[in-house]
Amino acid sequence: MKNAYLGLAIAGTVVPYYFFMQEISASGVDLVGFMLLGFANPVAAGFTADLFISSFVFWLFMFTAGPGAPKPWAFILINLLIGLSCALPAWLYWRERRAESGAVTAAA
């Protein structure tokens, strides 16, 4: 499962940025305009609101995940700079990686 999470984290970077780059090449770097496009119509606003709420829930989950879980700060930064579609599978990948190394250490 670990490798699937890694692949999904990569896809979660490449696919959204493919679309983001289309907008940036058409309109230039305009953060305010980019954010306004997320609320350009009710459908876009619904997806944007869903993304914000899901991101917030993910942050809460990371902070309450327990002592063996990866620290959340890097993944919050990934969430803000790349997106939830990268941050969530990346966090799950690191959690699996830690669990594997802990299992190996405990077995030795």
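**Helix α1, the largest pocket and the salt bridges**

Helix α1 holds 26 residues, which at 1.5 Å a residue should span 38 Å, and its end C-alpha atoms are indeed 38 Å apart, so the two values agree. The expected span of a helix is taken here as 1.5 Å times one less than its number of residues. Helices (H or I, at least four residues) are DSSP runs, numbered from the N terminus. The model is a predicted one, in which local features need pLDDT of at least 70 and side-chain atom pairs count only at pLDDT 80 or more, while totals for chains, interfaces and linings use all residues. Residues are numbered from 1 along each chain as its sequence is written, and side-chain values use heavy atoms, with hydrogens and water left out.

A kink of about 25° is found in α1, centred on Tyr 18; the bend at a residue is the angle between axes fitted to the seven residues ending there and the seven starting there. Tyr 5, Ala 9, Gly 12 and Pro 16 are the buried residues of this helix, where buried means under 20% relative accessible area, exposed over 50%, and partly exposed in between (1.4 Å probe, protein chains only). Val 15 also lies in α1, but counts as partly exposed because its relative accessibility is 47%. Between the C-alpha atoms of Val 15 and Leu 31, which are 16 residues apart along the chain, the separation is 19 Å. Just after α1 comes Gly 28, with a positive phi near 80°.

The largest pocket encloses about 1,200 Å³ of space. Its lining is made up of 34 residues, and those closest to its centre are Phe 20, Phe 34, Met 35, Leu 51 and Ile 82. A pocket is defined on a 1 Å grid over the protein atoms alone, as an open set of points where a 1.4 Å probe fits, with protein on both sides within 12 Å along at least five of seven lines; lining residues have an atom within 4 Å of a point. Grid points are joined across faces, edges and corners, and the volume is the space filled by probe spheres set on the points.

Five helices each supply at least two residues of this lining: α1 (2–27), α2 (31–37), α3 (42–63), α4 (73–81) and α5 (84–107). The most comes from α3, with nine residues. By residue type, the lining of the largest pocket divides into 22 nonpolar, nine polar and three charged residues. In this grouping, Ala, Val, Leu, Ile, Met, Phe, Trp, Tyr, Cys and Pro count as nonpolar, Asp, Glu, Lys and Arg as charged, and the others, Gly among them, as polar.

Turning to charged pairs, the whole structure contains two salt bridges, each a side-chain nitrogen of Lys or Arg within 4 Å of a carboxyl oxygen of Asp or Glu. One joins Lys 2 to Glu 100, with the closest N and O atoms 3.2 Å apart. This pair links distant parts of the chain, as Lys 2 is in helix α1 and Glu 100 in helix α5, 98 residues apart. Glu 100 is partly exposed, at a relative accessible area of 39%. Arg 95 and Glu 96 form a salt bridge as well, their closest N and O atoms being 3.9 Å apart. Arg 95 is partly exposed at 31% relative accessibility, and Glu 96 is partly exposed with a relative accessible area of 24%.
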